Amino acid sequence: MPVAGSPRPEAGSSSIYQYQFLLLFTHSKSMKKLQILIIAITLILVNELTLNAQAFLIPQTGEHVSFRQMQRDFNEWKQGQNLSEKKYWKYFKRFEAEMQLHTNAQGELEGTADYVRTLIEHAGEKMQSQNARFNTGAWFPVGPNIVPDNLTGYMENGIGRINCITFHPTDANTYFVGVAQGGLWKTTNNGNSYTPLTDNLPITRISDIAINPNNPDEMYISVCDFEYIGIGLFLNGRKRHTHYGIGVYKTLDGGLTWTPTGLSFQLTDGDASLIRKIVIDPANPNAVVACGVGGMYKSGNAGTTWTQVMDSLFWDMIQDPVTPTTLYAATGWVRNANTGSAGIYKSTDFGTTWALLTTGIPPRGTVQRIKLAQSRSNTSRIYALAVDTISGLHAIYRTNNAGTTWNLQFDALNLLGYDEGSSTGGQGNYDLGFLVHPTNPNKIYVGGVNLWASEDGATSFDPAGHWTTNYGPSIHADVHDIQWQPLTGQYYLACDGGLYRTGNIIPISWNDVNNGTPWPTVWTNVSDGMNVTSFYRLSSSKSTTGELLAGAQDNASFYFDGIDWYTTIGGDGMDNCLDTAQPGTFIGSSQYGSFSKSVDGGFSSFGISSNIQGENAEWTTPLIADYSNSQTYYIGFQNVVRSIDGGDSWTSISSFPPPPNFYGNELSAIAVSQSNPDVLYACRRVRYEYANPGAVFVTSDGGASWNDVTTGLPDSLYYTSIEIHPNSSSIAYISMAGFSAGNKIFKTINNGNNWTNISFNLPNIPVNCIKQIPNTNDLMIGTDLGVYVLRNGSSTWVDQSMGLPNVIVSDIEFNPAMNKIYISTFGRGIWATDLDVLRRLMNTRQVFPLFNFTPVSTTEFLRSATALQNKLMWKFTMLMVKLSTVDHFIRLMKNFSSLLNPECTLQKSEGKIF
């Protein structure tokens, strides 16, 4: 099939596409059957950063704060704090970890116009498959596309963050899911499988979905991650990159193709590009209303043009289920910038005019966000949940007369905290679900970190779910959306762990929970089939065991043992290493260099005391292994520490001079030579907020002495990775992030004494990692746009991203023993291709059919080893083939399968039968 989102030309056209097929031959005693499985290869959450009532990043009202100042405020706050006892701070670090890779050379987030232009151009070129630069479609997803078995021991695990869900108006089995970093997904079988619909959009972040109820093939999506509103909004120097929006996009064919509407944005529009909600008038589908940070907009011609009817900062909008021309919308006040005003508006003419309602909600200084929920059975009953200045619950308000009068209904517990309601603060500016029972207006549900329910009109609340497993199985933390499916009567909950479904939400008292009564609400996780995990780092076993280990945002570390996926260790998964000599043995980490080790495939783990000097650690603390000695590991804090006994004990092997100002810069990347383990490099990250430049150090004697080799390198950019030539310890490469045109990759051939810029034609985008392709002198890099390859002796980086979704590539791993290249992405899981396929394609720019039959381990794509006995699977790769050739192949396979067995079918990923 064509790449998702592109128009499918007629058979026999000259358009070029890429395909990969899996042939699974199944033998049984009763019959022989041929099954053809065709697989189409087809940026964090920021809350208004608070710390359990710690206002380390909340300035005085009206004060403008730069990114550098925000970093400095946090660094100074955390000194002397036991972060394991503090809450709500991780969201800043997740945000900072991404933002610091997207700054200019002065530490501020600039370069917006170039960035979005590059993304759009890149997406357009990939759509034009004839472009010789994109000469491979060999990439395919390897997972995780199922929710792993949970080995963390304390937290509910998941697959990735879901922002929203919308249902097909007439087909109960079809719904659409908007993923934070992974695009729009569709299921036609009630969640048994999913198909991505937006992999070819310039960015793949979705915050809302609106479907024309009269023509479900017509849909609108908000292309952004609105959950990042609330920090750095309109502040000096604050232009977001990985979390911006590009406006409202539209499809007329059910998501196969997408076009921008007239409500589109450039990055120079900043936070104004964030669109929160979209609604359609069912009586006049050409009338569409959308709202967001930049105001309220209305279109009368199906999105072609829009009129701004209000310029307030909007945080929510709902549509009356009985009278769809009646709308309610909530504005907000953002304390960081003293911007906006909290309130509730009502329109009775589908958004042409609006009236501000008298609610009693403080417009400024007390309430930031308001979320609305309306009763279906009594539309005059509307609830408004108000979020306070530290993202906890301010109060719930209620109207019984369609907004004419409002009463403060509830403020007794903090429903948005992490505990039983006694703490302050929360994440209400980031995660918040709110729903009224479809037939009982007195039942309402509130989702924050946990899930709460009221059965008396918001007079009192009891818990209905908890983010830990301390009280038994429940739901993953951080609820973003709660919806009721009118065709089935089921409830859906979208959260940082994925998508859940239940037939009934039942509250229970804390007394019963604490006495061991299990949660009465039984949830089914329906996230399987979505490849949407946001990974920071990736490791491969480099052996035929096929093991993978990757650290995931929000969802701990994912371990693949060659057969099954598991979630282990806990926290936000960060850097990691697999022991290449002992399967099932690995070291993983969570934020700020908290390392743990497992020797039994993650079923148990124990902490490693590696930070022996109590130094500062980077959010993603670098860990590497000496693969010439599987028991030797290195970790970079402010200095480098080494273990020669598999991580049991550690010794410091460096004493780097302190940076010019007091804050000790953390190491962001380290590397050890494969050919000479006495040679190591260590990269110190730049700290703009203290005017501390970056630095690079090298040792040739195992750490006894180090030389500063920064001269010749940009020291005002964030160093993301370093790679040493496997056969020559004097050759090394450094990659860097940021928006400094022409400063992406540097090379040394003399241990850092001199550096040469080999950025060449690379676009002005962050480079997140660099690796040398095994058995070659060629280089591969992972960027915000995909992967690029530089042939030895060439001065042209070639984009090798065809087949990949348009998503950030965070890490690269090679496994020559399995002939594989693995990459981790931030929002679309782990992908792979064959080393030999890539090498062949790098040797030619011609476009021609390439056929490659190779036997594949049955566990490579399918989960259950038990179910795969007596089966033999072959992979058929067909690259750059005319569509007519593929159609011919499908017809041949159909005929062949029918000859083998009349019951055989040939299926495409859409489920159509040929």
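A residue counts as buried when its relative accessible area is under 20%. In the predicted model considered here, C769 has a relative accessibility of 3% and therefore counts as buried. By the same cut-off, C224 is also classed as buried, because its relative accessibility is 0%.

With respect to cysteine pairing, the structure holds zero disulfides. C224 accordingly takes part in none, and the cysteine sulfur nearest to that of C224, which belongs to C164, lies 9.5 Å away, whereas a disulfide would require the two sulfur atoms to be within 2.5 Å.

The second largest pocket was computed to have a volume of about 1,300 Å³. Its lining comprises 45 residues, of which T166, K277, Q319, R376 and Q483 are the closest to the centre of the pocket. In terms of residue class, the lining of this pocket is made up of 26 nonpolar, nine polar and 10 charged residues. Strands contribute to this lining along the chain, with at least two residues supplied by each of β5 (162-167), β9 (206-211), β13 (275-280), β17 (314-319), β21 (367-374), β25 (433-436) and β29 (479-484).

A further buried position is found in a loop: R687 is located between β46 (680-684) and β47 (695-699), and this arginine counts as buried because its relative accessible area is 0%. The side chain of R687 is engaged in a polar contact with the side chain of E666, at a distance of 2.9 Å.

Conventions: Residues are numbered from 1 along each chain as its sequence is written. This is a predicted model: local features need pLDDT of at least 70, side-chain atom pairs count only at pLDDT 80 or more; totals for chains, interfaces and linings use all residues. Side-chain values use heavy atoms; hydrogens and water are left out. Buried means under 20% relative accessible area, exposed over 50%, partly exposed in between (1.4 Å probe, protein chains only). On a 1 Å grid over the protein atoms alone, a cavity is a set of points where a 1.4 Å probe fits but cannot get out, and a pocket is an open set with protein on both sides within 12 Å along at least five of seven lines; lining residues have an atom within 4 Å of a point. Grid points are joined across faces, edges and corners, and a volume is the space filled by probe spheres set on the points. Helices (H or I, at least four residues) and strands (E, at least two) are DSSP runs, numbered from the N terminus. Ala, Val, Leu, Ile, Met, Phe, Trp, Tyr, Cys and Pro count as nonpolar, Asp, Glu, Lys and Arg as charged, and the others, Gly among them, as polar. A polar contact is a pair of N or O atoms within 3.5 Å; within protein, one must be able to donate a hydrogen and the other to accept it, and residues adjacent in sequence count only if both atoms are side-chain atoms.
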